[in-house]
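Colleague: I should like to learn how a protein model is read, feature by feature. May we begin with the contacts along the chain and then proceed to the other features?

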Amino acid sequence: MKVLLINGSPRPAGCTYTALREVADALEAEGIETEFFQIGTDPVRGCIECWKCSKLGRCVFDDDICNEMAERMIAADGIVIGSPVFYAAPAGQLCALLDRVFYAQAPALAYKPAAAIVNCRRGGASAAFDRLNKYFTINHMPVVSSQYWNSVHGRKPEEVLQDREGMQTMRLVGKNMAWLLKNIEAGGVPVPEKEPWQMTDFCRKA
Ligand SMILES: Cc1cc2nc3c(=O)[nH]c(=O)nc-3n(C[C@H](O)[C@H](O)[C@H](O)COP(=O)(O)O)c2cc1C
């Protein structure tokens with residue numbers, strides 16, 4: 001079993017990585033394989049609402065990491081998405097990628113356990129955490145939680161390491177993810193039968 005950890009920070013070894021590393025160590029201690037995916041600093045596109053993904057099964061644009069990230073997410077048994085907090089939200093480039101991945105690949109990601117974790121210096125953590133969880137909770141994905149909303153505080157990795165409660169929260173994300181994955185692997189019951197989507201909007205129709 002493998003968990004993909006996505007670092008949504010442009011800094012490959014910064015605070016978000018430090019928090020994700022703690023999650024990964026806890027997973028590995030439970031015998032779960034881990035893989036990191038760095039979104040890096042190259043430009044990424046936003047969704048242009050062309051709807052071509054519904055026919056292609058992937059984003060129409062192949063000039064950034066979106067489709068590669070989607071493939072890695074699909075190949076993993078569990079997903080952890082980490083982000084720095086920018087203006088009380090996840091990093092914009094990460095959301096630009098996730099908008100496109102989830103629009104193109106929602107069925108392939110459904111029922112995959114997932115967790116979000118965020119890092120901030122001071123404030124906005126729970127708003128950013130909430131935003132990331134929106135991707136999972138619109139797509140039938142079991143959300144792995146911890147003892148607190150999954151955040152660590154600090155502007156530098158060494159400050160994050162001093163956030164003992166935050167780091168404990170990260171370890172427990174890893175342990176809880178391992179517990180859920182092992183239970184799924186052990187069997188259980190199939191996922192519920194799908195209902196046709198009753199897609200409504202809020203316009204009054206005659
Ligand atoms: C554009 C920008 C906006 C930021 N906004 C916030 C914020 O709203 N709240 C906060 O506590 N820190 C804020 N920060 C600090 C970042 O959260 C912090 O530098 C980051 O989480 C460090 O993680 P990293 O090393 O993984 O990139 C901001 C930083 C930048 C660059």
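Modeller: Certainly. This is a predicted model. Of the contacts in the protein with a separation of 6 or more, 77% are accounted for by residues 24 or more positions apart.

Colleague: How many helices and strands does the secondary structure of the protein come to?

Modeller: The protein has seven helices and six strands. Along the sequence they follow the pattern β-α-β-α-α-β-β-α-β-α-β-α-α.

Colleague: What radius of gyration does the protein have, and what would a compact globule have?

Modeller: One compares the value with that expected from the number of residues. A compact globule of 206 residues would have a radius of gyration near 17 Å, and the protein has 17 Å, so the two agree. Taken along the principal axes, the box filled by the C-alpha atoms is roughly 60 × 40 × 35 Å.

Colleague: What percentage of the residues in the protein is buried?

Modeller: Burial is judged by counting neighbours: a residue is buried if 20 or more other C-beta atoms lie within 10 Å of its own, and exposed if 12 or fewer do. By that count, buried residues make up 40% of the 206 residues.

Colleague: Is W51 buried or exposed?

Modeller: W51 has 11 other C-beta atoms within 10 Å and is therefore exposed. This residue lies in the loop between β2 (33-38) and α2 (53-56). Its backbone also deserves attention, for the phi of W51 is near 65 degrees, a positive value in a residue other than glycine.

Colleague: Which value does phi take in A88?

Modeller: A88 is not a glycine, yet its phi is positive, at about 60 degrees. The residue is found in the loop between β3 and β4 (89-90). With 13 other C-beta atoms within 10 Å, A88 is partly exposed.

Colleague: Let us turn to the ligand. How many residues surround the ligand, and which are the closest?

Modeller: The ligand is surrounded by 17 residues, and the closest are S9, G14, T16, P84 and C120.

Colleague: Which elements each supply at least two residues of this shell, and which gives the most?

Modeller: At least two residues each come from α1 (15-29), β3 (78-86) and β5 (114-120). The greatest contribution is that of β3, with three residues.

Colleague: How do the residues of the shell divide into nonpolar, polar and charged?

Modeller: In the shell around the ligand, seven residues are nonpolar, six are polar and four are charged.

Technical notes:
Residues numbered from 1 in each chain as written. Predicted model: local features only at pLDDT ≥ 70, side-chain atom pairs only at ≥ 80, totals over all residues. Near = placed C-beta within 6 Å. Helix = DSSP H or I, 4+ residues; strand = E, 2+ residues; numbered from the N terminus. Nonpolar A, V, L, I, M, F, W, Y, C, P; charged D, E, K, R; others polar. Rg over C-alpha atoms; globule rule 2.2 N^0.38 Å. Contact = placed C-beta atoms within 7 Å.
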